[in-house]
Amino acid sequence: MELTREEESALKGEQGEIMQMAYRILVATGESTDAEKLIPIEWAHLSGVNYNTIGDAGEEFLSNISKSARVKVKTTLNPMGFDIDNVSNYNLDKNFISKQLSIKNSYELIGVTPSFSCIPYEIFDIPKEGTQVAFAESNAAIHANSYDNLKTNKESAFSALASAITGKSPYSSLRKEDVPNITIKMKVDNPNELTYGMLGFFAGKVGDTSVNISGLGEMDKRQCKSMCGGMGTSGTCAKFVFGEGNSDCEKIDFDEKEIQNIHDELNTAENGDIITLGSPQLGLEEIADLTLKLKGRSFKKRCMVFTPRIVKEQARKIGYVNELERAGCEILSDCCTCLTPLINKDNVDAVTTNSIKGAFYLKNSNGVDVNLKSLAQIIEDETQ
């Protein structure tokens, strides 16, 4: 890789151990992805927040670097393992709580905005078209590349943190002009958010770094996020482009057969003990829509709704929170369906959700069975 004098200096350790470590990560990442140089970024979004995922080694690492590391660019943060406002309601292990709070404090010391959200594109202003960012959250990276006209590779927790500290990222992969070599044609009538999540899951499996998708109608935010979440879960693909692509593209149909295959893979229960909504987390528009859809009805079983703290506060002012709590919803901030210890296989056998991303992680990480339904079907079946 071609490095500037300043970058070479940092790599040699002349700007301190933290900068040397960060540049080592970026250079190693760049060399493995055929990057010819590093380029400036304006925004980093970090994963590696939940103690369930980074463990003692990650907590200790962050505690150590927080003594001297500071971010150089706007840096936001993925969800952690619980909502600090009601953590006492969930009988969590004291060690988990202590280590999770240590991780939270370390990131804040480094200068990271404690957003604890997997939908930064909904709660922060989007920079101008073409801006280089470094997003580690997979659904956010896909959303940035596909909808927001930003440029990011599908970053790891380490590479995004290194980018936040240096303000740089390798110029490779999706940061360059990437031309998809596969076109997926949507051939399902009347798709809902679950259909789009399955489409994303399918695209993530068959695509490389990017894919064309044709035959799509207009998507609402829930469907859009569901597709980004599904795609980020199943493979390395981090961008989709609307359209047929060029004549050299391989053409693949997404039809009812593919839907059945994915449903068979992820749907492992006929019913759930609890309901989870919000993977990715729900934005204000989705909170409003959920309130409207309930129309005074109440859930017959426990329903956990995950949303960013800033959205919860906005929803509270409008009156949505009171209405959802009346309907039996637990509204949780700072955390997400995925990888949370709040859903434990010792207490829950199966979860009903409308999220493909949530279904994948509930099954493979939490070890619980999954009952997949669209939101409309959940409200029809699970409320009274």
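Strand E13 and strand E14 (residues 369-372) run parallel and are joined by 4 bridges. This pairing is a convenient place to enter the structure, which is a predicted model. Within the pair, Val-351 has Val-370 of E14 as its bridge partner. The chain does not pass straight from one strand to the other: E13, helix H14 (residues 356-366) and E14 together make a right-handed β-α-β unit.

E13 also has a neighbour in strand E10 (residues 274-277), to which 3 bridges join it, again in the parallel sense. There, Ile-275 is the bridge partner of Thr-352 in E13. The two faces of E13 (residues 350-353) are both covered. Ala-350 and Thr-352 are buried on one side, and Val-351 and Thr-353 are buried on the other. Thr-352, the partner of Ile-275, and Val-351, the partner of Val-370, therefore both count as buried, with under 20% relative accessible area.

A second group of strands is centred here on E7 (residues 211-214). From this strand Val-211 and Ile-213 point one way, while Asn-212 and Ser-214 point the other way, and all of them are buried. E7 pairs with strand E6 (residues 182-186) over 3 bridges in the parallel sense, and Ser-214 of E7 is the bridge partner of Lys-185. E7 also pairs with strand E8 (residues 240-242), likewise parallel and over 3 bridges. In that pairing Val-211 stands opposite Phe-240 of E8.

Helices complete the connections around E7. E6, helix H8 (residues 193-206) and E7 make a right-handed β-α-β unit. E7, H9 and E8 make a right-handed β-α-β unit as well.

Helix H9 leads on to the empty space inside the model. Where is such space found? Rolling a probe the size of a water molecule over the atoms shows where empty space is left. The count comes to 1 cavity of 30 Å³ or more. About 140 Å³ of space lies in the largest cavity. Its lining is made up of 14 residues, and those nearest the centre are Arg-222, Pro-280, Leu-282, Glu-286 and Asn-354. Helix H9 (221-234) and helix H11 (284-294) are the elements that give two or more residues to this lining. H9 supplies the largest share, with 3 residues. By class, the lining of the largest cavity holds 5 nonpolar, 5 polar and 4 charged residues.

The model also has pockets, which are open. The largest pocket contains about 410 Å³ of space. It is lined by 20 residues, of which Ser-47, Thr-53, Asn-78, Glu-137 and Leu-339 are the closest to its centre. Among the elements that take part, helix H3 (51-65) and H14 each supply at least two residues of the lining. H14 is thus met twice, as it also belongs to the β-α-β unit with E13 and E14. The lining of the largest pocket divides into 11 nonpolar, 7 polar and 2 charged residues.

The last step is to view the chain as a whole. The protein chain has 15 helices and 14 strands. Its C-alpha trace spans about 65 × 55 × 35 Å along the principal axes. Of its 384 residues, 57% count as buried. How does the radius of gyration stand against what a compact globule would have? A compact globule of 384 residues would have a radius of gyration near 21 Å, and the protein chain has 21 Å, so the two agree.

Methods:
Residues numbered from 1 in each chain as written. Predicted model: local features only at pLDDT ≥ 70, side-chain atom pairs only at ≥ 80, totals over all residues. Heavy atoms only, no water. 1 Å grid on protein atoms, 1.4 Å probe; cavity = no way out; pocket = protein on both sides within 12 Å on 5 of 7 lines; lining within 4 Å. Points joined across faces, edges and corners; volume = space filled by probe spheres on them. Nonpolar A, V, L, I, M, F, W, Y, C, P; charged D, E, K, R; others polar. Buried < 20%, exposed > 50% of the residue type's maximum accessible area, 1.4 Å probe, protein only. Pairing = 2+ DSSP bridges. Right-handed = clockwise from strand over helix to strand, strands pointing away. Rg over C-alpha atoms; globule rule 2.2 N^0.38 Å.
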